[in-house]
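Trainee: I would like a close look at a single part of this model, followed outward through the contacts it makes. Please take your time over it.

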Amino acid sequence: MALISLQNIRLAFGGPLLFDQVNLQLEPGERVALLGRNGVGKTTLMKVIVGQVSLSAGKISYQKGIKITHLAQEVPIDLTGNIFDIVISGLGEQARTVADYHHVSQRLHHEQSPGLLRQLDALQVQMDQNNGWEIDRQVLHIISKMNVDPHSLFEQLSGGQKRRVLLAKALVLNPEVLLLDEPTNHLDIDSINWLENFLQNYHGTIFFVTHDRMFMTHLATRIVELDRGKIFSWPCDYNTFLTRKQAALDVEATQREEFDKLMSQEEAWLRKGIKARRTRNEGRVRALKRMREEKKAQRQLIGQVRMTAQESDRSGQQVIKVDHLGFSYDGHFFIRNFSTQIMRGDKIGVMGPNGSGKTTLLNLLLGRLAPENGTVRMGTNLEILYFDQLRELLDETKTVMENVSPGGETIIINGRARHIIGYLQDFLFSPERARTPVKILSGGERNRLLLARLFAQPSNLLVMDEPTNDLDVETLELLEELLVQYKGTVLLVSHDRAFLNNVVTSTLFLQGDGEVREYPGGYDDWLQQSQNDLMKNEVSKDVGRKKKRSKQAGKTGGLSRKEQRELKNLPDKIEEFEERQNEIYQIMSEPSFFQKDPLEIQQIKAQMESIEVALKEAYHRWEYLESLNKN
């Protein structure tokens with residue numbers, strides 16, 4: 001039985017129908033990716049499901065008692081407080097006692113008073129009566145999974161850490177359905193990989209929107225596409241969807257071509273005159289009228305962005321030369337003793353954790369920031385274009401047109417004059433939209449506008465800081481194609497792994513401790529090479545540890561006294577784990593087990609999981625110590 005069922009829903013905001021007789025079912029355990037161009041209504045559909053937007057027609061059915069949580073695309077700018085309070089607020093009023101208990105406990109750390117002690121005693125009684133200790137354990141457990149400190153202040157966290165806290169708030173209710181709108185936005189690569197692994201092991205149904213193709217490839221079990229007001233469901237992974245979608249588009253184009261050809265023939269027949277209006281041909285006339293209505297009702301495919309970068313004269317062979325570069329701020333080294341040489345035609349990706357200094361490195365390479373140590377030498381005949389992740393190049397008070405062509409209605413593109421309206425249509429701005437102020441544009445539209453503004457200028461060094469945020473998949477692929485064909489030099493900061501794989505020829509990785517390492521190739525190449533480096537380091541450390549242990553152990557057979565005691569006690573410890581495991585197995589095998597309170601069932605399952613993990617670790621430890629003892 002479907003957890004959520006959308007039946008013939010319709011919605012419009014004054015223009016064409018955003019949803020036109022849309023039907024959709026979400027089944028238990030699915031991981032469904034929602035695809036569609038910017039502006040087709042993906043975020044609105046999620047808001048419809050959680051009841052934030054009312055429908056024009058149709059209905060939504062929910063399985064009785066279902067719990068749904070929604071992680072919105074944007075981090076609330078006014079959200080403050082410590083992490084524990086924010087996460088527990090996801091449980092609503094049922095967790096009020098637990099939150100009060102933590103507040104009073106924190107106050108007692110700073111001030112000891114009889115009144116606070118009495119208040120704490122009263123709250124402890126309520127915790128005993130209302131299952132408060134289990135709720136407290138549940139909240140702290142989910143916070144620990146997010147690898148954040150429950151006492152830290154939300155407003156002091158990085159963007160990626162804030163997304164983790166909001167995800168914990170969404171998950172603490174243990175929902176059957178989790179709605180995620182662009183969950184990877186503003187996350188660094190480590191955080192994206194962590195989120196992927198976490199969601200792959202999540203027991204509930206996930207309905208998510210993302211422009212991250214690798215994230216979608218690794219996670220989705222079904223693809224749902226929102227296209228021209230209709231929903232199309234593809235029960236397959238993302239790569240299979242791409243193949244099937246292209247085949248469907250080819251069939252649609254052939255059918256549309258045949259329809260238009262037949263309609264042209266019928267129109268020509270009707271124009272022949274009175275013979276076409278004789279009684280015996282009235283049926284044919286009526287059929288033509290129906291074809292006209294069908295043609296009128298057709299919604300054409302959404303246009304594609306047509307990007308073209310203007311290229312100036314070639315730069316010198318050497319674009320940037322860096323010698324022993326160093327830069328620190330407030331006692332923290334972002335760049336330490338870094339040297340490299342960037343040549344004409346290089347396409348270099350810049351990666352690293354949030355806060356590691358990627359944008360700082362770009363500003364140092366471009367001479368916008370003075371280094372503390374070392375030198376940066378720029379090449380000759382450089383014309384630089386800079387794509388700013390904060391979009392500070394856009395004037396929000398001016399229109400789209402004025403931001404691209406402040407001097408008039410004509411711009412020169414590759415030596416030819418073009419009207420600004422026609423140029424902006426290449427970037428999917430209608431004439432009406434081209435005359436609207438920038439401040440009302442969506443994130444995706446602002447990115448497209450910045451690309452339109454940049455590509456209207458000639459360049460031979462293109463510097464792009466997070467250009468992929470808010471762009472739909474089709475626009476991303478077109479931008480990739482443009483950058484691959486671009487004859488100049490590209491410096492690119494991105495967390496989009498597929499984008500890096502498809503564009504860059506080498507990668508600079510900022511470790512976060514000041515070290516910058518250079519790798520040939522894109523994300524996958526970096527991943528393989530960095531893992532190889534890590535393995536070499538671990539082998540080297542392991543050899544050193546064994547040498548040290550052999551010197552210290554002497555006659556003890558390779559084990560220290562502490563390790564010998566641990567080895568002796570491990571069989572008894574493993575036996576205890578197995579006995580407890582068998583006890584829980586018996587409890588779970590009873591017919592009445594699943595009639596218990598859901599929270600108690602979850603608690604027993606959690607105990608079983610923790611024992612299985614502990615048992616596995618104990619066996620591994622036993623085997624390891626045994627192997628050392630034999631040596």
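Mentor: A residue counts as buried under 20% relative accessible area, as exposed over 50% and as partly exposed in between, with a 1.4 Å probe and only protein chains considered. The model is predicted, and local features therefore require pLDDT of at least 70 and side-chain atom pairs count only at pLDDT 80 or more, while totals for chains, interfaces and linings use all residues. Residues are numbered from 1 along each chain as its sequence is written, and side-chain values use heavy atoms, with hydrogens and water left out.

Let us take the loop between S17 and H16, in which Glu466 lies; helices (H or I, at least four residues) and strands (E, at least two) are DSSP runs numbered from the N terminus. Glu466 has a positive phi of about 55 degrees although it is not a glycine, and with a relative accessible area of 8% it is buried. As background, most residues other than glycine have a negative phi. Another residue with this feature is Asn8, whose phi is near 55 degrees and likewise positive in a residue other than glycine. Asn8, however, lies in strand S1 (residues 4-11) and is partly exposed, with a relative accessible area of 39%.

Asp472 carries the contact to follow next: its side chain meets that of Arg37 in a salt bridge, at 3.1 Å from N to O, the term meaning a side-chain nitrogen of Lys or Arg within 4 Å of a carboxyl oxygen of Asp or Glu. Asp472 sits in the loop between strand S17 (461-465) and helix H16 (473-485), and Arg37 in the loop between strand S3 (31-35) and H1, so the pair ties together parts that are 435 residues apart in sequence. Both Asp472 and Arg37 are buried.

On the Arg37 side, the chain leads to helix H1 (residues 42-49), of which 6 of the 8 residues are buried, so the helix is largely enclosed by the rest of the structure. The buried residues in H1 are Lys42, Thr44, Leu45, Met46, Val48 and Ile49, and H1 is followed by Gly51, which has a positive phi near 80 degrees.

On the other side of our loop, helix H16 makes a distant contact as well, because Glu480 lies in H16 and forms a salt bridge with Arg213, the closest N and O atoms being 2.4 Å apart. Arg213 belongs to helix H8 (residues 213-219), so this pair ties together parts that are 267 residues apart in sequence. Glu480 and Arg213 are both buried. Elsewhere, salt bridges that share partners join Glu225, Asp227, Arg228 and Lys245 into one network.

The structure holds 20 salt bridges, and a useful contrast to the two long-range pairs is the one that Glu134 forms with Arg137, where the closest N and O atoms are 2.8 Å apart. Both residues lie in helix H5 (residues 132-145), 3 residues apart, about one turn of the helix. An α-helix has 3.6 residues a turn, so residues three or four places apart point the same way. Glu134 is buried, with a relative accessible area of 8%, whereas Arg137, at 34% relative accessibility, counts as partly exposed.
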